[in-house]
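Please read the following walk through one protein model with the coordinates open beside the text. The account moves from the contact between two parts of the chain to a single residue and then to the whole.

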Amino acid sequence: MANPDKMVPDNVSGEFFVDTTCIDCDTCRQLAPDVFADNGEYSYVYHQPLTQLETSEALRALVCCPTGSIGTLHKSTELKTIYQDFPMHIDGNVSYCGFTSPKSYGGSSYFIQHPEGNWLVDSPKFLPHLVNQFIAMGGIDYIFLTHSDDVGDVDKYAKRFNAKRIIHREELWSQPESEIVIEGEDPVSIEPEFVVIPTPGHSRGHCVLLYKNRFLFSGDHCWWDRDKLQLAIPTHYYWNKREQRRSCEKLLKFDFAWVLPGHGQRIFLPITQMRQEMANLVKRLEILQAYR
Ligand SMILES: [Fe+2]
């Protein structure tokens, strides 16, 4: 529960506020970009909601904040119904789970409803609401884990749904009882339309999931930089920068239109434009000594 006595000083005055427990994970800025902004160390309210849409988006951010750092000065009657917005539809049979976990530093997770078995990509908080929603959508058969940082409450989901966890050998220490272990650096087809692609760099055993040659669940390998309007990679936390560049090059061989990351902005572009954006990212990395 956010504390109005601990508001960050940057909030504009009004109903919504962020308090000092914020970990600057970006969840609120993804869900309500017209309300929340980043000062480099934490999020704050830069514009109080004026419309019903802005209010609903701010309330979605409030319920999904991993640290409960967003509050309102008065109790909202909408709060009970706002939970029903999650999982939030993205495209086709892919949804964003919301309710990011502090265990994964607010990493995003996704749900794929598929006739041959449903997939969870990384893990949200283990909440009765999400459990009930997943049951209503047919349960969970596979849980794909991009890397060790974003496992969240995956053990609880795996146990509740008897789901098979998929993780690379190099990240297995974080989920040692995982049922499917990816080896080496070659892409692996788990089911038709689902390809796990090892992308070492951010971490030694980081993998991304390509679904339907349309959706790339990119974990912490890459995301869309909403300020520079280009694909970007993490620069502060990484295992090996040269491998990170090579993993970006590897993705040039694959078709996808969506990049759905663990952190940072998701993006949809036509496949040819997405490939060009990835090529541009590789070029930017090639001129940096550390990535050669
Ligand atoms: Fe990470």
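How many salt bridges are there between domain 1 and domain 2? In this predicted model, the count between the two domains is 1 salt bridge.

To place that count, it helps to start with the division of the chain: the domain assignment gives domain 1 as residues 4–82 and domain 2 as residues 86–291. The centres of domain 1 and domain 2, taken over C-alpha atoms, lie 26 Å apart, and 15 residues of domain 1 are in contact with 16 residues of domain 2. Between domain 1 and domain 2 an area of about 1,200 Å² is buried, and carbon and sulfur atoms give 51% of that area. On the side of domain 1, Q30, C64 and P66 supply 40% of the area that this domain buries against domain 2, which is more than any other three residues supply.

The polar side of the interface can be described in similar detail. A salt bridge joins the side chains of D26 and R226, with a distance of 3.0 Å from N to O. Across the interface of domain 1 and domain 2, 7 residue pairs are found in polar contact, counting pairs in which both residues have pLDDT 80 or more. The elements that give two or more residues to the side of domain 1 that touches domain 2 are α1 (27–31) and α2 (52–64), and α1 gives the most, with 4 residues. Sorted by class, that side of domain 1 has 8 nonpolar, 3 polar and 4 charged residues.

A single residue offers a closer view of the fold. Q230 is placed in strand β17, which runs over residues 230–232. Leaving aside residues up to four places away in sequence, Q230 touches W223, W224, D225, E277 and R284. With one of these, R284, the side chain of Q230 makes a polar contact, side chain to side chain, at 3.4 Å. Q230 and N280 are 50 residues apart in sequence, while their C-alpha atoms are 8.5 Å apart in space.

Finally, the view widens to the protein as a whole. Its secondary structure comes to 7 helices and 19 strands, and its C-alpha atoms fill a box of roughly 55 × 45 × 35 Å along the principal axes. A compact globule of 292 residues would have a radius of gyration near 19 Å, and because the protein has 19 Å, its radius of gyration agrees with that expectation.

Technical notes
Residues are numbered from 1 along each chain as its sequence is written. This is a predicted model: local features need pLDDT of at least 70, side-chain atom pairs count only at pLDDT 80 or more; totals for chains, interfaces and linings use all residues. Side-chain values use heavy atoms; hydrogens and water are left out. Domain bounds come from an automatic or database domain assignment. Contact means heavy atoms within 4.5 Å. Buried area is the accessible area (1.4 Å probe) that two parts lose on being put together, summed over both. A salt bridge is a side-chain nitrogen of Lys or Arg within 4 Å of a carboxyl oxygen of Asp or Glu. A polar contact is a pair of N or O atoms within 3.5 Å; within protein, one must be able to donate a hydrogen and the other to accept it, and residues adjacent in sequence count only if both atoms are side-chain atoms. Ala, Val, Leu, Ile, Met, Phe, Trp, Tyr, Cys and Pro count as nonpolar, Asp, Glu, Lys and Arg as charged, and the others, Gly among them, as polar. The radius of gyration is taken over C-alpha atoms; the globule rule is 2.2 Å times the number of residues to the power 0.38.
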